[in-house]
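Good morning, colleagues. Please bring up the sequence and the coordinates, and I shall take you through the fold, the core, the ligand shell and a few local details.

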Amino acid sequence: MTQPPRTLVVGAAILRDGAVLAARRTAPAETAGRWEFPGGKVEPGESPEAALVREVAEELGCRIEVTGWLPGAAPIGDTHELRVACAVLTGGEPTPTEHDRVRWVGAAGLDDVDWLDPDRPFLPHLRERMAP
Ligand SMILES: Nc1nc2c([nH]c(=O)n2[C@H]2C[C@H](O)[C@@H](COP(=O)(O)OP(=O)(O)OP(=O)(O)O)O2)c(=O)[nH]1
């Protein structure tokens, strides 16, 4: 039987000064305390880039510009999938409204962060983009 398409979740790897912004989730309980790329579900009729700009404005009160997508997509459970784009800040300073912490992580510290599992396959690609 054909499976229905997975709902796309997009995450923004916001890069500045050789570091990426990680955000710590507060809900739901299964994901609280784990770190992720800010973002969320793409709404019907919305482009992935527009979803990222919207979600980051909602979650962090700042503006970003998407600079390119990291390769691949990672399953989230049975129904969703994650794609991650690199982005740069174009206005404002990230101030979390839904996460309880944000932090800038350098390439050397990427593996030490307690990322959500679907985020991990993107880390080698991200490290390449962060190389000086
Ligand atoms: N935003 C984000 N979600 C991720 C990442 N990795 C990962 O597994 N997820 C999962 C967590 C959630 O189950 C799902 C995204 O849900 P969400 O709650 O952030 O999405 P949303 O803002 O559109 O929320 P909603 O109100 O529509 O539920 O994807 C990631 O790096 N960023």
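Before the first percentages, one convention: helices and strands here are DSSP runs, a helix being H or I over at least four residues and a strand being E over at least two. Please also keep in mind throughout that this is a predicted model.

I begin with the annotation. The unreviewed UniProt entry places the feature "domain: Nudix hydrolase" at residues 5-128. In the model, that span is 15% helix and 40% strand, and its end C-alpha atoms lie 30 Å apart.

Turning to the whole chain, we have two helices and eight strands. Their order along the sequence is β-β-β-β-α-β-β-β-β-α. The radius of gyration is 14 Å, close to the 14 Å that the globule rule gives for 132 residues, so the chain is as compact as a globular protein of that length. Along the principal axes, the C-alpha atoms fill a box of roughly 45 × 30 × 25 Å. Among contacts with a separation of 6 or more, 68% are between residues 24 or more positions apart.

How much of the chain counts as buried? Of the 132 residues, 23% do. The largest nonpolar core has 23 residues, and Ala 12, Ala 13, Leu 52, Ala 85 and Ala 87 have the most contacts inside it. At least two residues of this core come from each of β1, β2 (19-24), α1 (48-60), β5 (63-69) and β7. Take Ala 13 as an example: beyond four places in sequence, the residues it touches include Val 20, Phe 37, Leu 70 and Leu 126, together with Val 84, Ala 85, Cys 86 and Ala 87.

I come now to the ligand. Which residues come nearest to it? Of the 15 residues around the ligand, they are Gly 11, Glu 36, Gly 40, Lys 41 and Pro 118. The elements giving two or more residues to this shell are β1 (7-16), β4 (39-41) and β7 (80-91). Strand β4 gives the most, with three residues. By character, the shell divides into six nonpolar, five polar and four charged residues.

Pro 118 also leads us to Ala 74, in strand β6 (residues 74-76). Leaving aside neighbours within four places in sequence, Ala 74 is in contact with Glu 81, Leu 82, Pro 118 and Pro 121. Is Ala 74 buried, exposed or partly exposed? It is partly exposed, because 18 other C-beta atoms lie within 10 Å, and the buried class requires 20 or more. Ala 74 and Val 9 are 65 residues apart in sequence, yet their C-alpha atoms are 9.7 Å apart in space.

Finally, two points of backbone geometry. As a general matter, most residues other than glycine have a negative phi, and most peptide bonds are trans. Against that background, Asp 17 is not a glycine but has a positive phi of about 50°. Asp 17 is found in the loop between β1 and β2, and it counts as exposed because it has 6 C-beta neighbours inside 10 Å. The second point is the cis peptide bond joining Ala 27 and Pro 28, with omega about -10°. Pro 28 is found in the loop between β2 and β3 (35-36).

That concludes my presentation, and I welcome your questions.

Technical notes:
Residues numbered from 1 in each chain as written. Predicted model: local features only at pLDDT ≥ 70, side-chain atom pairs only at ≥ 80, totals over all residues. Near = placed C-beta within 6 Å. Nonpolar A, V, L, I, M, F, W, Y, C, P; charged D, E, K, R; others polar. UniProt positions renumbered as here; feature names shortened; annotations may be inferred. Rg over C-alpha atoms; globule rule 2.2 N^0.38 Å. Buried ≥ 20, exposed ≤ 12 C-beta atoms within 10 Å, placed from the backbone. Contact = placed C-beta atoms within 7 Å. Core = buried A, V, L, I, M, F, W, Y, C linked by C-beta atoms within 7 Å.
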